[in-house]
Amino acid sequence: MAKNRKTSWRSYFAWDYEKETEDLNLASEQGWQLVKAGLFHSRFEKNPNVRYRYQLDFREVKGMGRYIETFREQGWEYVNSTWNNWHYFRKPWDPALPEEAYEIFTDRESLEEMRGRLAKLLLIVGFGALAAVITESIECIQQPNLPNLLRILFFLLESCCLLRGAWILKYPRPRQHWRGSVAAFLVLLMLGFLGSQWLHAMRPGLHCSTQAESISAPAAEVQWTDFDIKYPDNYFLDLDVTSNQPIIFTIQNEAGESVYTQSGTSFREEDLLLHLPTGHYTIYLHCEAGYQIDCSLN
Amino acid sequence: MKRSEPMSESYYYILLCLARGANHGYGIMQMTEKLSGGDVTIGSGTMYGATSNMMKKGWIREILSDEPGQERRRLYQLTDEGRAALRAEIVRLQRMLANAGEV
C-alpha cells in the first residue's frame, strides 16, 4: 500500500518564508498537500487530484474569526497556525488565473508591514544575543577562560544570523541568497551551549574550608586536599587564610613542583589567575599553630 | 492643523467604498476592482491589515448585518472620523491634481 501521509522535517528561517511557499506549491503539484504546518515539522497528505497555492502570513491575530473570514471571502482555506504567529492558507489552483490572483499582500505598504513585524522580532532577539556577547566578553576580558569564550562564539553566531535576517527582510534584494539550514544552525547553537556547559562542569569547582585550634605535632606539613584539572585553561583562586603563627600554603602538581605558594600569618587572594595544565594537584599546608582557611578554585 | 500622511491606495479605496454604505471585505474588494477598472486589487492580507489598523484609528467600525439571509455577517462601517480622514485625503488629491493642471 502506498503511503498516504508523510511528515516533513524541513524547516525554514523566518526570512525564507517565500522559499517555504514555493516548496509548498511544488509539493502540492506533486500531489502532497499540506494539512498541518509546524515550526519544525509539517504533515502532508497524498491527494493527486487537487493542486493548491499556499500563502503565509505573520501577525498577531486578536480575533481569529474575522481574520479567517477575511481570507475565506476571497477563496482562501485556512490550514492552521503555528504557535509563533505564522498562519497558513491555501486556495485551489486555477490555470486560468494570473499569478497575481494568489497574492495576499497587494500593496507595498502591507507587505513591508508584514516583513517589518518579522524584522522587529529578529532585531529584538538579535540585539538580545548581542548584549549577551558584550557581557560575556567583558567577563572574559576580566577572567579569560574557555567556557566563556565558547559562549561568546555561539551568541555571536546567533546574533549575526538573526540580524542578517532582519536586514534581508528590510532591504530585500532579488536572488541574494546563501540560504542557511535551520537544522544546522540549531545544532551549532546546541553544541555551543552544551559544550560550554560541559566545559563548565569539568572545572574543579573546589570549595573548602578548614580550621584547627592548635597543632599537636610541631611543624607538621599536612596534605590538605586535592583536585583534578581536566583541560588546560585559566582557573581562578580565592583564598582567605588567618593563623596565629606563619603558615605556608602550597599547590603542587604531580611532579611535585609548586604552582602556587604563599606564606604569612594572614593573606588573601581574590580571583587570582592561575594557568593550570591538565593533571592532578595537591594542596599542602605547613603550619605550627591553629589556623582558619577558606579556599575556592573555579 | 497637523498635516495628515498620504493614504495608501488600499486605505483610500476601502474608505471610498464604505462611504457608499457598510460593506463586507469581499464587497469592498469587488467594488474597488470595479471603481479602479481592475487596476487596484486588495488581497486578504492587505484587507485584514488595513481594516484592523483603521478600526484602531477609529475610522471604521465592525457591525453585524441585519439583512435577511445575511444575518450575523460581519460588515465594516465608516465612522465620522473615517469620513473626515477620507475628505482630507480627497482635498489633498484634488490639490495635487489642480497643481498638475498648472504645468
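# Sheets, cores and a contact in a two-chain predicted model

Three strands of chain A make up an open sheet in the order β1-β3-β2, with antiparallel pairing. This is a predicted model.

User: Which strands sit at the edges of that open sheet in chain A?

Analyst: The strand order in this sheet is β1-β3-β2. An edge strand here pairs on one side only, and that applies to β1 (5-8) and β2 (32-36) of chain A.

User: And by how many degrees are neighbouring strands of this sheet turned against each other on average?

Analyst: The pairing in the sheet is antiparallel, but the angle leaves direction out of it. On average, neighbouring strands are turned by 35 degrees.

User: Zooming in on β2(A) and β3(A), which residue is the bridge partner of A:Q33?

Analyst: β2(A) and strand β3 (residues 42-46) of chain A are antiparallel and share four bridges. In one of the pairs, A:Q33 has its partner in β3(A), and that partner is A:E45.

User: Moving on to strand β12 of chain A, which side chains point to the buried face?

Analyst: Side chains alternate along β12 (residues 291-297). A:Q292, A:D294 and A:S296 point to one face and are not buried. Those on the other face are buried, and they are A:Y291, A:I293, A:C295 and A:L297.

User: What is the bridge partner of A:S209 in β12(A)?

Analyst: Strand β7 (residues 206-212) of chain A runs antiparallel to β12(A), with seven bridges between them. A:D294 has a side chain on the face of β12(A) that is not buried. The partner of A:S209 is that residue, A:D294.

User: Which residue stands opposite A:L297 in the pairing with β9(A)?

Analyst: Strand β9 (residues 233-252) of chain A is joined to β12(A) by seven bridges, again antiparallel. A:L297 is one of the buried residues of β12(A). Standing opposite A:L297 is A:L237.

User: Over to chain B: which element gives the largest share of the largest nonpolar core?

Analyst: This core has 22 residues, and B:Y11, B:I14, B:L15, B:L18 and B:I60 touch the most other members. Two or more residues each come from α1 (9-18), α2 (25-35), α3 (44-57), β2 (74-78) and α4 (80-101) of chain B. The largest share is six residues, from α1(B).

User: Which residues is B:I14 in contact with, leaving aside neighbours within four places in sequence?

Analyst: B:I14 is among the core residues that touch the most other members. With its sequence neighbours set aside, its contacts are B:I28 and B:A50.

User: How many residues are in the other core, the one with A:W15?

Analyst: That core lies apart from the largest one. Its members include A:A14, A:W15, A:L118 and A:L122, and the count is 18 residues.

User: Where chain B touches chain A, which element of chain B gives the most?

Analyst: Each chain puts 18 residues into the contact. On the chain B side there are six nonpolar, ten polar and two charged residues. At least two residues each come from α1, α2 and α3 of chain B. With seven residues, the one that gives the most is α3(B).

User: Last one, on backbone angles: is A:D271 buried or exposed?

Analyst: A:D271 is found in strand β10 (residues 258-276) of chain A and has a positive phi near 50 degrees without being a glycine. Other C-beta atoms within 10 Å number 10, and the cut-off is 12 or fewer, so A:D271 counts as exposed.

Technical notes: Residues numbered from 1 in each chain as written. Chains lettered and ligands numbered in written order. Predicted model: local features only at pLDDT ≥ 70, side-chain atom pairs only at ≥ 80, totals over all residues. Core = buried A, V, L, I, M, F, W, Y, C linked by C-beta atoms within 7 Å. Buried ≥ 20, exposed ≤ 12 C-beta atoms within 10 Å, placed from the backbone. Contact = placed C-beta atoms within 7 Å. Nonpolar A, V, L, I, M, F, W, Y, C, P; charged D, E, K, R; others polar. Pairing = 2+ DSSP bridges. Axes fitted to C-alpha atoms, helices over the stretch in contact; angles between N-to-C directions.
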